[in-house]
Amino acid sequence: MRVVNIPNIIPASTVLNTTVNSAAIPLYQIFGYAIQIVFTGTPTGSFKLQASCDSVPQVVASGIFIPTNWTDISGSSQAVSVSGNIIWNAEDTFYNYVRVVYTDGSSGASTAIVTVSTFNGHGI
């Protein structure tokens, strides 16, 4: 069984005072995943998941491929206003990429920070 663990999909100590996109996580041969975000302070905003079905290139000169077409995953949005954590658990995932998006509602005044952001995936 293929097991993938990717820490810091949003860099630790990222301040949640603007829109933040996590790294694009490729889901090649991953059929289920969990994403956990832990944050401190007093955020004013929401987290959600987005998916992309952009094709998976075989070779990328830079070594990094960033999809351009993203769609919100229905029901994944979670508003936050106090320190805490969020976890999503997804199975039967057949899109090619996933990412976390934080949308700030504090007009840039928030001092909340991300302390942990981890992706765990399982597949073949």
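## Close-up views of a predicted ten-strand chain

**Figure 1. Overall dimensions of the protein chain in the predicted model.** With 124 residues, a compact globule would be expected to have a radius of gyration near 14 Å, and the protein chain, at 15 Å, agrees with that expectation. Along the principal axes, the C-alpha atoms fill a box of roughly 40 × 30 × 25 Å. The protein chain holds 0 helices and 10 strands, so that its pattern along the sequence reads β-β-β-β-β-β-β-β-β-β. Of the contacts with a separation of 6 or more, 85% are made by residues 24 or more positions apart. Buried residues account for 40% of the 124 residues, while the exposed area comes to about 6700 Å², with carbon and sulfur atoms supplying 54% of it.

**Figure 2. The aromatic pair of Phe-31 and Phe-94.** The model contains 4 aromatic pairs. One of them is formed by Phe-31 and Phe-94, whose rings lie 5.8 Å apart, centre to centre, with 50° between the planes; the pair counts as tilted because this angle falls between the limits of 30 degrees for stacked and 60 for edge-to-face. The two residues are 63 residues apart and the pair links distant parts of the chain, with Phe-31 in strand 4 (residues 30-40) and Phe-94 in the loop between strand 8 (84-91) and strand 9 (97-104). Other ring pairs link Phe-39, Phe-47 and Tyr-102 into a cluster.

**Figure 3. A nonpolar surface patch formed by Phe-31, Phe-94 and Ile-124.** Together these three residues present about 350 Å² of accessible area. Phe-31 is partly exposed, at 34% relative accessibility, whereas Phe-94 is exposed, with a relative accessible area of 62%. Ile-124 is likewise exposed, at 61%, and is found in the segment after strand 10 (113-123).

**Figure 4. Surroundings of Thr-93, a buried loop residue.** Thr-93 belongs to the loop between strand 8 and strand 9. Its relative accessibility is 3%, and it is therefore counted as buried, the limit being under 20%. Apart from neighbours within four places in sequence, Thr-93 is in contact with Leu-27, Ile-30, Phe-31, Gly-32 and Tyr-33; among them, Phe-31 is also a member of the aromatic pair with Phe-94.

**Figure 5. Surroundings of Ala-51 in strand 5.** Ala-51, found in strand 5 (residues 45-52), is buried, with a relative accessible area of 11%. When neighbours within four places in sequence are left aside, Ala-51 is in contact with Asn-69, Trp-70, Thr-71, Ile-73, Tyr-95, Tyr-97 and Val-98. Ala-51 and Ile-25, which are 26 residues apart in sequence, have their C-alpha atoms 9.4 Å apart in space.

**Figure 6. Two loop residues with positive phi, Ser-13 and Gln-29.** Most residues other than glycine have a negative phi. Ser-13 has a positive phi, near 75°, and is placed in the loop between strand 1 (2-7) and strand 2 (20-21). Ser-13 is exposed, with a relative accessible area of 52%. Gln-29, which is not a glycine either, has a positive phi of about 65° and lies in the loop between strand 3 (25-26) and strand 4. At 33% relative accessibility, Gln-29 is counted as partly exposed.

Key
Residues numbered from 1 in each chain as written. Predicted model: local features only at pLDDT ≥ 70, side-chain atom pairs only at ≥ 80, totals over all residues. Heavy atoms only, no water. Patch = residues over 30% accessible without salt bridge, like charges linked within 9 Å, V, L, I, M, F, W, Y side chains within 5 Å. Areas by Shrake-Rupley, 256 points an atom, 1.4 Å probe, with all protein chains shown as cover. Salt bridge = Lys/Arg side-chain N within 4 Å of Asp/Glu carboxyl O. Helix = DSSP H or I, 4+ residues; strand = E, 2+ residues; numbered from the N terminus. Buried < 20%, exposed > 50% of the residue type's maximum accessible area, 1.4 Å probe, protein only. Contact = heavy atoms within 4.5 Å. Rg over C-alpha atoms; globule rule 2.2 N^0.38 Å. Phe/Tyr/Trp six-rings, centres within 6.5 Å; stacked < 30°, edge-to-face > 60°.
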